[in-house]
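Subject: Structure for you to look at

Hi,

Here is the structure I said I would pass on. Have a look at it first, then read my notes below.

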Amino acid sequence: MLRLVYIILLTLFASGLCEEQFCSADSADFCKNNESDNQKLYTKATNEGYQKYLTMIQDAEQNHKECNNIKNSCFSDVIRRDLSPFKKKGISEEMIVAAKTRGTFYQIIGGKLYREKDCMFPARCAGIEHFLLKVIGNLSDMDLIINTRDYPQSSEYFGNAMPIFSFSKTSQYYDIMYPAWAFWEGGPAISLYPRGLDRWDRHRKLLNKSSSDIPWEKKENKGFFRGSRTSSERDNLVLLSRNKPHLVDAQYTKNQAWKSDEDTLHAAPASEVSLESHCTYKYLFNFRGVAASFRHKHLFLCHSVVFHVGDEWTEFYYYAMKPWIHYIPVSKNADQKELEDLIEFARNNDDLAKKIAYRGRDFIWNNLRMLDITKFWKQLLKSYGKLLTYKPVLKKSLVQIEKKQ
Ligand code: UDP
């Protein structure tokens, strides 16, 4: 008995000593972090800081009505908005000719699809053609210029609106947004996905399975990001991760342009992490890359909260998703302190974070099915076709594109 008391006392002493040692000047950061985990919630300043976020959530919820794409109520606005610059005068053949070099030229004539012979990115063209061939039966004759580069082409700073279809843009561009090729084929290839990110319908199922394997309560209370340095807007999170690894794990991976550690912010490149493995973490960061990043829609399916950084670069479906309802918005200029505050807010308001995570997931799961992508293409091209002011005639140099067997 005496020996047991002795052992307990010894253990208590040792753990006290250990805490003493942890809180030495050398470990000031660790102690501060522990303090922030346990006590921050109770300081006046912190509560006031949180109030700002709580008010934004309340305001967003008050004004929000969830859309339902089965009733076509999610994406019609974006089609209307993107086509509005062409509404008054329509789209003339001259406008098509003037824009021709900025994308791949397609024609739909008599329910058949034709394309100029060469395509800059064949897999991307194939990813687009899959959908065009699906909806073609219902469409009038039309000419189309489809940009397969990442970057949009019709800037409002350079002349009039050009009728060019692009997968992503900011509000400074007139481009008409279409669902990216990567929903079907031609997505980014990384070492984990050497043939490109898998088809969206298949990936949806995989992510759904991963998210049910790891319920919210079992996820790590941490921010997470893995990706290459396609935009410096990602730097502050990576730096925060180096300073406060208990809060966030954000590291740069190599991409094809990588030459030295300089391209991964002076650290060795990290290994890539599959999108399914992202589901281990509660707070998943999305950033723009060259344009919008393809990871965006995948992250939601983890049932984790998406911290969406910046609001400039969009894909067609972003407009139907609302800050504080479906995701936590983060300023593109957020410094490390701001990023830390937001992560701490989510850690200390777990029910709210979970609510946002689940709403975001349900939005993507219910409204961004492969069927919705096809439906969007159909509505977009039907509306676009009505704007042509001329009757297109088949160009001899084009090749017919047929369904792959
Ligand atoms: N990606 C991934 N795991 C990684 C790194 C990248 O799944 O560890 C995926 C990511 O989701 C994105 C694509 O690879 O869809 C390209 O990512 P990157 O950060 O290189 O470029 P981005 O397109 O985001 O600018």
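With 13 C-beta neighbours inside 10 Å, N72 counts as partly exposed. I start there because of its backbone: phi of N72 is near 60°, a positive value in a residue that is not a glycine. You will find N72 in the loop between α3 (44-63) and α4 (76-83). Most residues other than glycine have a negative phi. Do keep in mind that this is a predicted model.

A second non-glycine residue with a positive phi is W324, at about 70°. W324 sits in the loop between β9 (305-309) and β10 (328-330). Is W324 buried or exposed? It counts as buried, with 20 C-beta neighbours inside 10 Å, and 20 is where the buried class begins.

Now the overall picture. The protein has 12 helices and 11 strands, and buried residues make up 37% of its 405 residues. Taking contacts with a separation of 6 or more, 67% are between residues 24 or more positions apart.

The core

The largest nonpolar core has 88 residues, and the members that touch the most others are L284, F285, V305, F307 and I328. Helix α12 (residues 370-385) gives the largest share of this core, with 6 residues. At least three core residues come from each of domain 1 (75-188 + 372-401) and domain 2 (194-369). In soluble globular proteins, nonpolar side chains tend to be buried together.

V305 is a good place to zoom in. Beyond its neighbours within four places in sequence, V305 is in contact with K282, Y283, I328, A346, A353, I356 and A357.

Two helices

One of those contacts, A346, is also among the buried residues of α10, along with L339, E340, L342 and I343. Seen down the axis of α10, the buried residues fall within an arc of 165°, so they line one face of the helix. As for its length, α10 (residues 336-348) has 13 residues that should span 18 Å at 1.5 Å a residue, and its end C-alpha atoms are indeed 18 Å apart.

Helix α7 (residues 200-213) has 14 residues and reaches 20 Å from its first C-alpha to its last, close to the 20 Å expected. Its buried residues are W200, H203, L207 and S211. Down the axis of α7 they fall within an arc of 70°, so they line one face of the helix. An α-helix has 3.6 residues a turn, so residues three or four places apart point the same way. What do the buried residues of α7 pack against? Their partners are α9 (295-300) and α12. On the other side of α7, you will see R202, K205, K209, S212 and D213 exposed.

Strands around β1

Strand β1 (residues 104-109) is mostly covered, with 5 of its 6 residues buried. It runs antiparallel to strand β3 (residues 142-146), and 5 bridges join the two. Across that pairing, T104 stands opposite I146. β1 also pairs with strand β2 (residues 112-115), again in the antiparallel sense, over 4 bridges. There, Y106 has R115 as its bridge partner. β1 and β2 form a hairpin with 2 residues between the strands, and G110 takes a positive phi near 55° in it.

Two loop residues with distant partners

S168 lies in the loop between β4 (165-166) and β5 (176-177). With 25 C-beta neighbours inside 10 Å, S168 counts as buried. Its C-alpha atom is 4.8 Å from that of E315, although the two residues are 147 apart along the chain. Not counting residues up to four places away in sequence, S168 touches P152, A291, A292, W313, T314 and E315.

K386 is in the loop between α12 and β11 (399-401). With 13 other C-beta atoms within 10 Å, K386 is partly exposed. K386 and D141 are 245 residues apart in sequence, and 9.8 Å separates their C-alpha atoms.

Those are my notes; send back any questions.

Best wishes

Note on methods. Residues numbered from 1 in each chain as written. Predicted model: local features only at pLDDT ≥ 70, side-chain atom pairs only at ≥ 80, totals over all residues. Core = buried A, V, L, I, M, F, W, Y, C linked by C-beta atoms within 7 Å. Buried ≥ 20, exposed ≤ 12 C-beta atoms within 10 Å, placed from the backbone. Domains from an automatic or database assignment. Contact = placed C-beta atoms within 7 Å. Expected span 1.5 Å × (residues − 1). Arc of directions from axis to C-beta. Pairing = 2+ DSSP bridges.
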